[in-house]
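This report describes one protein model, going from its charged pairs to its core, its surface and its overall make-up. The sequence and structure come first.

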Amino acid sequence: MVLIHLKSALTTDNNDEFLFETKCTTKTDDLIASLAAIHNARLRANVVVDTVRGLATYGLMKQPGSNEETTDPAGLRTGNPPDEQMAGILQQVAGALENYVCNKQVEKKLALTLREIDEKINAVRDAVAAAYPMGLPEWEVTRMALEEPLEKLNLQGVTENNASLYAFNKEFERGQLVSDRLGTNEKTRVICKLTLKEAGPPPREAIVSEAERNAMAAYYFKRQEELKQLADADDDDYLNSEWADPKGMKHTLQGLRDIKAPGLL
């Protein structure tokens with residue numbers, strides 16, 4: 001399977017990424033449609049997680065116009081959560097959804113599927129229905145997160161028709177196969193970026209990652225300190241160092257290093 005490491009250029013979050021498996025024989029249009037669907041599902045999932053946790057902790061949203069004081073620090077919810085058991089179930093299903101769509105799945109090398117995301121969202125929907133069998137009021141944001149289109153949630157979704165996919169700063173051509181862009185090696189792993197057509201090519205990937213840049217800076221700083229210490233030392237001061245002992249390796253192999261006279265510490 002070809003492993004697509006997708007980094008979204010649709011958000012300002014540089015860590016918005018996930019893995020997706022496809023085949024060389026997959027049509028480019030189908031690949032873009034699948035990636036767009038998962039991108040949208042992850043956006044919805046993150047909103048669902050936040051609202052369900054608020055629901056489990058502080059209960060339903062207050063009716064618009066209500067000035068009633070509640071235990072909710074934000075003053076948005078009634079402060080009457082469901083019973084402890086149902087609240088625990090809501091937290092559990094929300095946590096399972098959050099963990100699955102989290103970008104840390106990239107480190108775990110776990111590829112996402114739309115089916116799995118939908119199943120976990122449905123599990124949240126079932127738990128909410130069990131906690132509130134009479135249904136959620138119209139103004140409840142959890143209901144909106146589960147049912148309303150992304151546009152009404154102020155989320156920038158993308159469709160297969162208005163999305164573009166790039167790899168190595170070159171766009172995947174519509175009407176072709178994945179192999180036309182990436183070759184026929186089914187073990188290929190490639191970083192791709194999803195963006196809107198009108199946005200043009202996304203920024204190039206940095207050659208050096210942030211972690212690598214920090215490691216290099218730390219190394220050079222340490223090296224400068226070592227060179228400074230050497231410059232301040234006497235010219236022959238290094239002769240007292242273990243690494244300057246011409247018989248050091250021999251003594252180490254024979255177990256003669258660090259031997260002290262009896263009675264000395």
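Glu-148 is buried, because its relative accessible area is 19%, and buried here means under 20%, exposed over 50% and partly exposed in between (1.4 Å probe, protein chains only). The model is predicted: local features need pLDDT of at least 70, side-chain atom pairs count only at pLDDT 80 or more, and totals for chains, interfaces and linings use all residues. Residues are numbered from 1 along each chain as its sequence is written, and side-chain values use heavy atoms, with hydrogens and water left out.

Glu-148 forms a salt bridge with Lys-152, a salt bridge being a side-chain nitrogen of Lys or Arg within 4 Å of a carboxyl oxygen of Asp or Glu. Lys-152 is exposed, since its relative accessibility is 62%. Arg-143 and Glu-147 form another such pair; both lie in helix α4, 4 residues apart, about one turn of the helix. Helices (H or I, at least four residues) and strands (E, at least two) are DSSP runs, numbered from the N terminus. Arg-143 counts as buried because its relative accessible area is 15%, whereas Glu-147, at 54%, counts as exposed. Arg-143, Glu-147, Glu-148 and Lys-152 are linked in a network of salt bridges.

The structure holds 9 salt bridges. Among them is the pair of Glu-98 and Arg-53, which links distant parts of the chain: Glu-98 is in helix α2 (residues 84-101) and Arg-53 in helix α1, 45 residues apart. Glu-98 is partly exposed, with a relative accessible area of 31%, and Arg-53 is also partly exposed, with 28%. Side chains of opposite charge can pair when their charged atoms come close. The table gives N to O distances for three of the pairs.

| Salt bridge | Closest N to O distance |
|---|---|
| Glu-98 and Arg-53 | 2.8 Å |
| Arg-143 and Glu-147 | 3.2 Å |
| Glu-148 and Lys-152 | 3.8 Å |

What surrounds Glu-140, and is Glu-140 buried or exposed? Glu-140 sits in the loop between α3 (114-131) and α4 (141-147) and counts as buried because its relative accessibility is 0%. Its side chain makes a polar contact with the side chain of Arg-77 at 3.2 Å and another with the side chain of Thr-142 at 2.9 Å. A polar contact is a pair of N or O atoms within 3.5 Å; within protein, one must be able to donate a hydrogen and the other to accept it, and residues adjacent in sequence count only if both atoms are side-chain atoms. Leaving aside residues up to four places away in sequence, Glu-140 touches Leu-55, Leu-60, Met-61 and Arg-77, where contact means heavy atoms within 4.5 Å.

The largest nonpolar core has 49 residues, of which Ile-4 and Leu-165 touch the most other members. Such a core is a set of buried Ala, Val, Leu, Ile, Met, Phe, Trp, Tyr and Cys residues joined through side-chain atoms within 4.5 Å. Helix α1 (residues 28-58) supplies the largest share of this core, 12 residues. With residues up to four places away in sequence not counted, the contacts of Leu-165 include Leu-6, Leu-31, Ile-32, Leu-35, Phe-172, Cys-192 and Leu-194. The charged residues Lys-170, Glu-171 and Lys-193 are also touched by Leu-165.

On the surface, Met-216, Tyr-219 and Tyr-220 make a nonpolar patch of about 360 Å². Patches are made of residues with over 30% relative accessible area and no salt bridge: like charges are joined within 9 Å, nonpolar side chains (Val, Leu, Ile, Met, Phe, Trp, Tyr) within 5 Å. Tyr-219 belongs to helix α6 (residues 210-232) and is exposed because its relative accessibility is 52%.

Most residues other than glycine have a negative phi, and most peptide bonds are trans. Lys-109, not a glycine, has a positive phi of about 60°; it lies in the loop between α2 and α3 and is exposed, at 63% relative accessible area. Asn-169 has a positive phi of about 65°. Asn-169 is in the loop between β3 (163-167) and β4 (170-171) and is partly exposed, at 31%.

Overall, the protein chain has 7 helices and 5 strands, in the sequence pattern β-β-α-α-α-α-β-β-α-β-α-α. Of its 265 residues, 35% count as buried.

Technical notes. Areas by Shrake-Rupley, 256 points an atom, 1.4 Å probe, with all protein chains shown as cover.
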